[in-house]
Amino acid sequence: MDSQTSKQQNMASVNRASSSLIKVVALSGSLRKGSYNTALIRSGIELSKGEVEGIEIEYIDISDLPFLNTDLEKDGSYPSEVEAFRQKIVAADSVLFASPEYNYSVTGPLKNAIDWASRPPNVWAGKAAAIVSAGGGHGGAKSQYHLRQIGVFLDLHFINKPEFFLNVFQPPPKFNSDGDLIDEDVKNRLKEILLSLKEFTLRLQGKN
């Protein structure tokens, strides 16, 4: 398992080196169908197809991951859905987290996904990352600070600026009835996050 994943990581690095396109995987900590956090990812994907060049975002649904249980690891292998998820992380240059705040922290589903990908070998290590959050109050700020703490141990490298916290209940409306982001100022803030993530990723890879 360790040797195979290491080879795949090396191959992924070689493939990325031959392309200037930054591949980003995006995870939402909310499983709710109408999640504002997942909507931010959708908007980021749309921006990556037009206004933000050189970046490709793939949304990963974490709802099917089982609860972390090492009894599910058999002969050095992981359940198929977990292994597929881990390989998505391996193949990416960087990670975009949409992290809502539950009880002053990250959500259970997001922490579960993070923990599965941290199992040996830790596939988060060395990746650039960014966080966006939407909710009430301070817009998910406390969850971001906990996520940054988790990232220290995982060797994730988060961009420091700009920060993105969105209170979705303050006027003017941020989303339409279909859950699409409609606030142009918020779109511009999201665009700045993606540009910063792209630049930082290239810097970590020695390309900038």
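Which are the buried residues of α6? In this predicted model, they are Val186, Leu190, Ile193, Leu194, Ser196, Leu197, Phe200, Thr201 and Leu202. The legends below begin with this helix.

**Figure 1. Helix α6 and its two ends.** Helix α6 covers residues 184-204. Its 21 residues, at 1.5 Å a residue, should span 30 Å, and the end C-alpha atoms of the helix are indeed 30 Å apart. At the start of α6, a side-chain oxygen of aspartate 183 comes to within 2.9 Å of the backbone nitrogen of aspartate 185. Just after the helix, glycine 206 adopts a positive phi of about 75°. Val186, Leu190 and Phe200 are among the buried residues of α6, whereas lysine 187 is partly exposed, with a relative accessible area of 24%.

**Figure 2. Salt bridges within helices α6 and α3.** Side chains of opposite charge can pair when their charged atoms come close. The whole structure contains 8 salt bridges, and two of them are shown here. In α6, the side chains of glutamate 184 and lysine 187 form a salt bridge with an N to O distance of 3.6 Å. These two residues are 3 residues apart in the helix and are therefore separated by about one helical turn. In helix α3 (residues 80-91), glutamate 83 and arginine 86 are likewise 3 residues apart, so about one helical turn separates them. The closest N and O atoms of glutamate 83 and arginine 86 are 4.0 Å apart in their salt bridge. An α-helix has 3.6 residues a turn, so residues three or four places apart point the same way. The partners at the C-terminal side of these pairs are covered as follows: arginine 86 is buried, with a relative accessible area of 0%, and lysine 187 is partly exposed at 24%.

**Figure 3. Helix α2 and its packing.** Helix α2 comprises residues 36-48. At 1.5 Å a residue, its 13 residues should span 18 Å, in agreement with the 18 Å between its end C-alpha atoms. The helix is mostly covered, since 10 of its 13 residues are buried. Among these buried residues are Leu40, Ile41, Ile45 and Leu47, together with the glycine Gly44. The buried residues of α2 pack against the strands β1 (22-28), β2 (55-60), β3 (94-98), β4 (128-135) and β6 (165-167), and also against α6. Serine 35 caps the N-terminal end of α2, with a side-chain oxygen 3.1 Å from the backbone nitrogen of asparagine 37.

**Figure 4. Serine 48 and the salt bridge of glutamate 46.** Serine 48 belongs to helix α2 and is buried, with a relative accessible area of 13%. A polar atom of its side chain lies 2.6 Å from the backbone oxygen of isoleucine 45. Leaving aside residues up to four places away in sequence, serine 48 touches Ile55 and Ile57. Glutamate 46 and lysine 49 are both exposed, and their side chains meet in a salt bridge of 4.0 Å, N to O.

**Figure 5. Aromatic pairs.** The structure holds 7 aromatic pairs. In one of them, the ring centres of tyrosine 36 and phenylalanine 169 lie 6.4 Å apart with the planes at 85°, so the arrangement is edge-to-face. Because tyrosine 36 lies in helix α2 and phenylalanine 169 in the loop between β6 and α6, this pair ties together parts that are 133 residues apart in sequence. Tyrosine 36 is partly exposed, with a relative accessible area of 29%, and phenylalanine 169 is exposed, at 60%. A tilted pair is formed by phenylalanine 97 and phenylalanine 158, with 6.0 Å from centre to centre and 50° between the planes. This pair links distant parts of the chain, as phenylalanine 97 lies in strand β3 and phenylalanine 158 in strand β5 (residues 157-158), 61 residues apart. Phenylalanine 97 and phenylalanine 158 are both buried. Ring pairs link Phe85, Phe97, Trp124 and Phe158 into a cluster.

**Figure 6. Charged side chains over tyrosine rings.** Arginine 32 lies over the face of tyrosine 36, at 5.5 Å from the ring centre. Lysine 142 lies over the face of tyrosine 104, at 4.5 Å from the ring centre. Tyrosine 36 also takes part in the edge-to-face pair with phenylalanine 169.

Key: Residues are numbered from 1 along each chain as its sequence is written. This is a predicted model: local features need pLDDT of at least 70, side-chain atom pairs count only at pLDDT 80 or more; totals for chains, interfaces and linings use all residues. Side-chain values use heavy atoms; hydrogens and water are left out. Buried means under 20% relative accessible area, exposed over 50%, partly exposed in between (1.4 Å probe, protein chains only). Helices (H or I, at least four residues) and strands (E, at least two) are DSSP runs, numbered from the N terminus. The expected span of a helix is 1.5 Å times one less than its number of residues. Contact means heavy atoms within 4.5 Å. A polar contact is a pair of N or O atoms within 3.5 Å; within protein, one must be able to donate a hydrogen and the other to accept it, and residues adjacent in sequence count only if both atoms are side-chain atoms. Rings of Phe, Tyr and Trp (its six-membered ring) pair if their centres lie within 6.5 Å; planes under 30 degrees apart count as stacked, over 60 as edge-to-face and the rest as tilted. A charge sits over a ring if NZ of Lys or CZ of Arg is within 6 Å of the ring centre and within 35 degrees of the ring normal.
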